[in-house]
Amino acid sequence: MSGRHAWVDASAGVAGDMLLGALVDAGADLAQVQAAVDAVVPGAVRLVAHGVLRAGQSGTKVDVEVLTDDLPHRHWSEIRTMVTDADLPERTRARVLATFGRLADAEARVHGTSPEDVHFHEVGALDSIADVVGVCAALELLDVATLSAGPVAVGSGRIRTAHGDIGVPVPAVVQLSTGKRVLAGGRGELATPTGMALVVALSERDEDLPAMVVDGAGAGAGTKDFPDRPNLTRVLLGATAAVAAPAPDGDRVTVLEANVDDLDPRLWPGVLDRLLTGGALDAWLVPVLMKKGRPAHTLTVLAHPHRVPALRDLVFAETSTLGVRAADWTRTALPRGWVDVAVGEQPVAVKVGHRDGRVVRATPEFDAVERLAARTGRPVPDVLAEATGAATTAGLVPGAPLPAGLRPAV
């Protein structure tokens, strides 16, 4: 896979604006980040970056200035529609949806509701949207294909919130921490739910600094300046052996399975969607016939090993199963990337699977086709056929050399 690797050092804590500051400090253009945020919430916020010192070390502080008096409570379903309809690169959109999906799942477990009913309060909603969209846009601008992160400092003590006096780490951060290495790291709230959601949703691995050739770095500052430690989230950028030359025998993945014979079938699409937004590589159902002739389904979830605890919890929470089995597999996946083709005057992303510098297959992204069909009022099959033809015209056919400007997929 082409593209850079980013390693996140959150040993002093992490918040959405701190991670965004680190990526801007590493070279992401703030004007282009602003344009991505405007695509989701036009005219609502302004991003302002300035250099600061934290315990004597320099970093970039990004502030989110709210420009509107219209501050509605937004449900996760509303934010998902806003992001889906926005003019964003497909990889940026996928990262934003994955992050908000993890955040909504965590908040739902904390408050005993469903992710669809989770709402983000007023300014907090705009802050979260600006931080999440900004970080994902900055990763795209820096050509980051893969991420990993070390342990996260979450803080200690108690803080005053809208829900009263609560312990640190706050409940949503605790939920997001499942399967992740954490440490206290100091007094106060050092990891916010948005910051933790970005780390766990976008990182493929929980690891100490990997062997890599560093070609960039940045530090993002928090609001407070602690005298005993720099309040900074750091990002190191470069190439790792895993990025430059994937192991020929594939990567290790875990397969979770559960047989379910008593779940309302109308719930299954939502279950699969929440598993995917929760970090699963894939999730699917297979009809089976169980003992006593009962029809049922086998739910299968494919995941990186470090995501297994959180996904197993999701299976227990979202289905009626009494048990989940797990097995380690080796997965060999084709490298893949995105290329835009023109359908009329509108771009449609085409996913390109490739090997040894040649195209193996190219398929228009169906979600992008559906969005274009909805915007133009045309039948989906017609738009799909035109996008497929445009991909062929662009030379995206088996055996062809890889096109210039191929964007690595998440």
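Visitor: What is the handedness of the crossing of helix 4 and helix 7?

Guide: In this predicted model, helix 4 and helix 7 make a right-handed crossing.

Visitor: Why are helix 4 and helix 7 called oblique to each other?

Guide: Start with the angle: helix 4 (residues 90–111) and helix 7 (residues 193–202) pack at about 120 degrees, their axes 9 Å apart. Roughly perpendicular covers 65 to 115 degrees, and roughly antiparallel needs over 145. The angle of about 120 degrees fits neither range, so the pair counts as oblique. That's why we call helix 4 and helix 7 oblique.

Visitor: Which residues make the contact between helix 4 and helix 7?

Guide: Helix 4 brings R95, A98, T99, R102, L103 and E107. From helix 7 come P193, T194, A197, L198, V200, A201 and L202. Sorted by class, that contact has 8 nonpolar, 2 polar and 3 charged residues.

Visitor: Okay, over to the strands. Why is strand 6 said to be largely enclosed by the rest of the structure?

Guide: A residue counts as buried when its relative accessible area is under 20%. For strand 6 (residues 144–149), 6 of the 6 residues are buried, so the strand is largely enclosed.

Visitor: How do you know that strand 6 pairs with strand 1?

Guide: Pairing takes at least two bridges. Strand 1 (residues 4–9) and strand 6 have 5 bridges, in the parallel sense, so they count as a pair. As part of this, V8 stands opposite A149 in strand 6.

Visitor: And what makes strand 6 and strand 13 a pair?

Guide: Here 2 bridges join strand 6 to strand 13 (residues 205–206), and the two run parallel. At least two are needed, so this qualifies as well. S148 stands opposite R205 in strand 13.

Technical notes. Residues numbered from 1 in each chain as written. Predicted model: local features only at pLDDT ≥ 70, side-chain atom pairs only at ≥ 80, totals over all residues. Heavy atoms only, no water. Buried < 20%, exposed > 50% of the residue type's maximum accessible area, 1.4 Å probe, protein only. Helix = DSSP H or I, 4+ residues; strand = E, 2+ residues; numbered from the N terminus. Axes fitted to C-alpha atoms, helices over the stretch in contact; angles between N-to-C directions. Parallel < 35°, antiparallel > 145°, perpendicular 65-115°, else oblique. Left-handed = near helix turned anticlockwise from the far one by under 90°. Contact = heavy atoms within 4.5 Å. Nonpolar A, V, L, I, M, F, W, Y, C, P; charged D, E, K, R; others polar.
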